[in-house]
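Colleague: Could you walk me through this fold and tell me where each word comes from?

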Amino acid sequence: MEAMSAVISLPDPLPPARHAARADGRGQYRLGRHLRRQVGQAIADFGMIEAGDKVMVCLSGGKDSYTLLDLLLQLQKKAPVPFELVAVNLDQKQPGFPAHVLPDYLAGLGVPYQIIEQDTYSVVSRVIPEGRTMCSLCSRLRRGALYNHAGKHGFTKIALGHHRDDMVATFFMNLFHHAKLSGMPPKLRSDDGRHVVIRPLAYVRERDIVDYAQARDFPIIPCNLCGSQENLQRRQVGLMLQQWEKDHPGRIDQIARAMGQIHPSQLADASLFDFMALGRRDDAPLPEAHAWLAGSSADADAAPETPAA
């Protein structure tokens, strides 16, 4: 049987020399054009947006979600199919959260938006002991609120701002802490089957988003709920990846490319590749696990050999 594989051609990253030119207008234009191309490529490669889609763009106030919305709005003007964009923010009632920033920004752009108000902050603060990381529970509550809102308002796609670095970090999080080879796919269906989640920034590097957000001067809102928790597992994985990239430039790009070139026959998941059939003779019986673990019945019944005198 031939090896199964899924090959995704990831676009080449920007050459390092371009980063130095981003302070001027020309550099900003080139960066924006490059990111639009990467997002458009991801949308095309994974069929993320179809004609008539109503896309809920989840906006947190961070650099990633601002960049996502900004690039989708630009692409919407020249897209080959018509689709609707609505920015949605979940106000988690975090103390000190500047609730006016996003509405003012979106109203200034003329972008349709909706604000969900749900006090997940109090829930997380009450349930999670002091000093423990809050991200896991916070993420589940946030996801539930967004999914519920999408169902009630007829959204056909939910767009999240995860980028290439997030996808690589998630792969290692699952590898190190959950003993599985899985990650954050560019497109997925929710567990209940009701929603399709897309990640149009799947090909975009975080450092490019940092540069773009600075150039566009987005009104960034920091997340103080979990941002000060230094012992997060994800933070540790991020530091590891940063060191790898420092010591071996381009390594993260290589890992991201590898995630799009899967060869099940070179791994060990029998549900993805038929190892039983590989090299098996037609007349050979299938192996019986109990016999291999405990020995055959003939072996078990045989009398032990008597040592020679």
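Modeller: Sure, let's begin with the sheet: it is open, has six strands in the order 4-3-2-5-7-6, and its pairing is mixed. This is a predicted model, where local features need pLDDT of at least 70, side-chain atom pairs count only at pLDDT 80 or more, and totals for chains, interfaces and linings use all residues. Residues are numbered from 1 along each chain as its sequence is written, and side-chain values use heavy atoms, leaving out hydrogens and water.

Colleague: What makes strand 4 and strand 6 stand at the edges?

Modeller: Two strands pair if DSSP finds at least two bridges between them. Strand 4 (113-117) and strand 6 (187-189) each have a single partner strand, so one side of each lacks a neighbour in the sheet.

Colleague: How do you know that strand 2 and strand 5 pair?

Modeller: Strand 2 (residues 54-58) and strand 5 (residues 157-159) share three bridges, in the parallel sense, and the cut-off is at least two. Val 57 sits opposite Ala 159 of strand 5.

Colleague: Why is helix 1 called roughly perpendicular to helix 2?

Modeller: The axes of helix 1 (residues 25-46) and helix 2 (residues 63-78) cross at roughly 75 degrees and come within 10 Å. Angles of 65 to 115 degrees count as roughly perpendicular, so the term fits helix 1 and helix 2.

Colleague: Which residues of helix 2 make the contact with helix 1?

Modeller: On helix 2, Leu 71, Leu 72, Gln 74 and Leu 75; contact means heavy atoms within 4.5 Å.

Notes:
Axes fitted to C-alpha atoms, helices over the stretch in contact; angles between N-to-C directions. Helix = DSSP H or I, 4+ residues; strand = E, 2+ residues; numbered from the N terminus. Parallel < 35°, antiparallel > 145°, perpendicular 65-115°, else oblique.
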